[in-house]
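User: Please pick one part of this model and look at it closely. Then show me how the parts around it are described. Keep it brisk, and explain each term as you go.

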Amino acid sequence: MHKVNINGKSVQLPQNWIEAAELPSLRARFAELLEYLYVYPASGATYHHVLRIMLGTSQPEWKKLMRHFFSDARSEQQRDQSSQALAELLNLVSWMWKEDLTVAPFGSIQVEDESWLLFADGFRSMSFGELTDAYIHAQAFIKQLIEGEERLNMLVATVCRPEKDGDYRKDPKWNGDARQEYNEHITAIRAEKLKGSLFPAKILVLVYFLGAAKNFFSYFDLFDSDGSGPPQAEEYPGQSMIKNQHLLSGKAIFGNMSETKRANVHEVFQFLEE
């Protein structure tokens, strides 16, 4: 944390995403902050919103501060000093535009009358099939292989799902995932509910998934040095992961194709690395 003094008030500014997510003053406004970073176009106004939220200041309070420090009653030198102070503050939080988002923007999203839970930190309980499909949907949306939000909706419906029914936590076979089991056919039906809505939340899910995937890949000696994805050029997104699904199921390492897709990603990647 970096401590700064604003108008007589001591404020802590986080220096990474873990600190940001744990800061009490940011917790309730974390998703709003991320929207200004990743959804809205970069501009002077969005920079002001980012600083305002990071400093824990309300919009009326921020406007009052700006009117005070940049009023015509102040000299040109004083206004220049205020501009320099703002630039220095912005520099202290500039890491947010450079570092991949690796902490969840929120725990769930509300889709119609359902709450869909986001995947667990570090893909702890994610299956190989889910990761493969999510990676394909993310890359297909980014590259706009299908114009529009169709693949973005599929990504969100893949990694965000309603909670399991019943007292599942007491089940000795529970794998730690509170979400309902991944099913690609149900995912396609759920994705229809996302058409034309929740765009900011969907973008935050995308950004978080990409950051989490890059971080996850970096732990295994299977990818490029930046950990961003498969080591060689692919003819289509996810080609190497689909190929590994067939190779592993062909050798029955984790069972047949269905069982291979249901296998935990950590176990699959550890085996591939060996």
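Analyst: Helices (H or I, at least four residues) and strands (E, at least two) are DSSP runs, numbered from the N terminus. This is a predicted model, where local features need pLDDT of at least 70, side-chain atom pairs count only at pLDDT 80 or more, and totals for chains, interfaces and linings use all residues. Residues are numbered from 1 along each chain as its sequence is written, and side-chain values use heavy atoms, with hydrogens and water left out.

Start with the whole. The protein has 13 helices and five strands. Its C-alpha trace spans about 75 × 40 × 40 Å along the principal axes. Of its 274 residues, 42% count as buried. Buried means under 20% relative accessible area, exposed over 50%, and partly exposed in between (1.4 Å probe, protein chains only). Take the contacts with a separation of 6 or more: 62% of them join residues 24 or more positions apart. A contact here means heavy atoms within 4.5 Å.

Now the close look: helix H8, residues 150-159. H8 is mostly covered, with nine of its 10 residues buried. The buried run begins with Arg151, Leu152 and Asn153. Met154, Leu155 and Val156 are buried too. So are Ala157, Thr158 and Val159.

What covers them? Strands are part of the cover: S3, S4 and S5 (161-162) are included. Helices are part of it as well, among them H7, H9 (184-191) and H10.

Go one step past H8. Cysteine 160 sits in the loop between H8 and S5. Its relative accessibility is 1%, so it counts as buried. Set aside its neighbours within four places in sequence, and cysteine 160 still contacts Ile109, Trp116, Leu117, Leu118, Arg179 and Val205. Cysteine 160 and glycine 107 are 53 residues apart along the chain, yet their C-alpha atoms are separated by 9.6 Å.

Next, the pieces that cover H8. H10 runs over residues 199-217. Because 14 of its 19 residues are buried, H10 is largely enclosed by the rest of the structure. Its length can be checked. At 1.5 Å a residue, H10 should span 27 Å, and its end C-alpha atoms are 27 Å apart, which agrees. The expected span is 1.5 Å times one less than the number of residues.

H7 (128-142) holds tyrosine 135. Tyrosine 135 is buried, with a relative accessible area of 7%. Isoleucine 186 lies 51 residues from tyrosine 135 in sequence, and the two are 18 Å apart in space, C-alpha to C-alpha.

After H7 comes a loop that leads to H8, and glutamine 144 lies in it. Its relative accessibility is 35%, so glutamine 144 counts as partly exposed. Its phi is near 50°, a positive value in a residue other than glycine. Most residues other than glycine have a negative phi.

Strands S3 (108-111) and S4 (114-117) are joined by a loop that holds glutamate 112. Glutamate 112 is exposed, with a relative accessible area of 57%. Its phi is positive too, near 55°.

For a contrast, turn to H6, residues 76-92. The 17 residues of H6 should span 24 Å, and its end C-alpha atoms are 25 Å apart, which agrees. In H6, Ser82, Leu86 and Leu89 are buried. Seen down the helix axis, these buried residues fall within an arc of 60°, so they line one face of H6. The arc is that of the directions from the helix axis to the C-beta atoms. The face turned away from the buried side carries the exposed residues Glu76, Gln77 and Asn91.

The buried residues of H6 have their own partners. They pack against strands S1 (2-6) and S2 (9-13), and against helices H4 (44-54) and H5 (59-69). Look at serine 82 in H6. Its relative accessibility is 9%, so serine 82 counts as buried. Residues up to four places away in sequence aside, serine 82 touches Phe69, Phe70 and Arg74.

One exposed residue rounds off the tour. Glycine 250 is in helix H11, residues 239-250. Glycine 250 counts as exposed because its relative accessibility is 65%. Threonine 260 is 10 residues from glycine 250 along the chain, and their C-alpha atoms are separated by 9.8 Å.
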